Amino acid sequence: AGTTVGMSSGQGGKIAEPFAYAKLATRGDALPPFYITSEYVMERDHSGNPRRIEVTLGRSPPQGQEGAGAFRANFHIGQKMKISKMHASLYWNSDDEKFYIKSICKNAVKVDGVIYPGSPDGNSGKPAPLQRQSKIEIADGVPIYFLLPLTPSSMPRALAAKPKLSYEQMVSSVLEPDLKLSFEEIWEAIQQKYPYFASDSPESVTWKTSVRSCIHRSIRTFSKGVKEVAGKKVFCFYLKSSGTEGSSKDEDEAMVVDSGAAAGAAVGGSKEDEDSKMQVII
């Protein structure tokens with residue numbers, strides 16, 4: 001528990017935070033951040049890797065009743081009466097290598113806009129799979145964001161496995177027709193979505209070059225434009241809309257961008273890329 005990792009505060013600063021498998025956070029720290037640390041490992045395999053990690057979420061106790069046994073949830077999320085004292089269980093299941101959350105009361109939980117009902121007996125609520133930056137809503141309380149660290153050693157091993165995707169598929173998964181990203185922004189988006197590429201493996205040294213080459217080769221998938229970053233024009237890329245043909249205005253302008261400025265934006269990763277951090281944009 002004494003080990004700390006550098007983590008983005010969401011406001012450009014760095015704060016020391018405990019070693020954790022995941023974090024639950026709210027906008028503007030409306031609730032104190034909650035860290036899912038080794039304290040909540042319920043079971044390990046023969047190699048010491050977590051098989052099950054579990055925390056509970058529930059109603060905050062009234063003032064003066066902080067020690068009351070009925071309010072025994074690990075993470076207190078508000079005093080609204082619609083929030084049950086023991087409302088939900090958030091857990092890591094190593095069998096299918098995912099984090100889940102499910103209601104352990106009669107009331108539902110909402111994850112990424114989808115409602116997952118509870119159950120009359122409070123034991124058979126429908127599990128909701130959690131992904132990086134999943135939004136959790138319970139009884140109209142403050143939205144809670146589920147965050148994962150970028151550093152693979154800070155999370156259950158399976159979450160840092162190499163994705164079984166081509167570079168073109170990975171780039172496509174972080175781009176949209178109306179979302180234009182520079183090389184550095186694409187690299188950062190891939191690191192956030194696929195923590196394997198934030199590791200210190202030999203491949204982590206060369207994958208950015210491979211992504212850049214893939215984008216240049218995949219002209220039927222990606223369009224090239226330009227945008228300003230810190231007062232300089234740099235290349236940016238976005239998914240082609242279905243049925244798009246010919247050269248767009250952005251692509252025409254990209255052809256005349258100074259190659260030196262573009263190269264400056266495309267060489268290597270910043271120190272920020274290498275930092276271990278948990279981050280959400282909210």
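**Entry 1: strand β8 and its neighbours.** I began with the bridge partner of T56 and found S89, in β8. The model I am reading is a predicted one. I then looked up how β8 (88-93) is joined to β6 (50-58). The two strands run antiparallel and share six bridges. I next turned to β9 (98-103). Six bridges join β8 to β9, again in an antiparallel arrangement. I also checked how far β8 is covered, and five of its six residues are buried.

**Entry 2: the hairpin of β8 and β9.** I noted four residues between the two strands of this hairpin. Within the hairpin, E97 takes a positive phi near 60°. I then followed W92 across to its partner and found that W92 stands opposite F99 in β9. I recorded both W92 and F99 as buried.

**Entry 3: aromatic rings.** I looked up the number of aromatic pairs, and the count comes to seven. W92 and F99 form a tilted pair, with 5.2 Å from centre to centre and 55° between the planes. Elsewhere I noted one aromatic cluster made of F34, Y40 and F75.

**Entry 4: charges over rings.** I found the charged end of K180 over the ring of Y238, at 5.0 Å from the ring centre. I also found K224 over the face of F235, where the distance to the ring centre is 4.6 Å.

**Entry 5: nonpolar cores.** I looked up the largest nonpolar core and found that it has 30 residues. Among the residues with the most contacts inside this core are L24, L90, F99 and I136. Elements that give two or more residues to the core include β3, β6, β8, β9 and β14 (144-147). I then recorded a second, separate core of 21 residues, which includes M170, W187, Y194 and V211.

**Entry 6: cysteines.** I searched for disulfides and recorded zero in the structure. I then asked whether C214 is buried or exposed. Its relative accessibility is 4%, and because buried means under 20%, C214 counts as buried. C236 is buried as well, with a relative accessible area of 0%.

**Entry 7: P32.** I located P32 in the loop between β3 (22-25) and β4 (34-36). Its relative accessible area is 60%, and the cut-off for exposed is over 50%, so P32 is exposed. I finally looked up P32 together with I77. The two are 45 residues apart in sequence, and their C-alpha atoms are 9.2 Å apart in space.

Technical notes:
Residues numbered from 1 in each chain as written. Predicted model: local features only at pLDDT ≥ 70, side-chain atom pairs only at ≥ 80, totals over all residues. Heavy atoms only, no water. Disulfide = S-S within 2.5 Å. Buried < 20%, exposed > 50% of the residue type's maximum accessible area, 1.4 Å probe, protein only. Phe/Tyr/Trp six-rings, centres within 6.5 Å; stacked < 30°, edge-to-face > 60°. Lys NZ or Arg CZ within 6 Å of the ring centre and 35° of its normal. Core = buried A, V, L, I, M, F, W, Y, C linked by side-chain atoms within 4.5 Å. Pairing = 2+ DSSP bridges.
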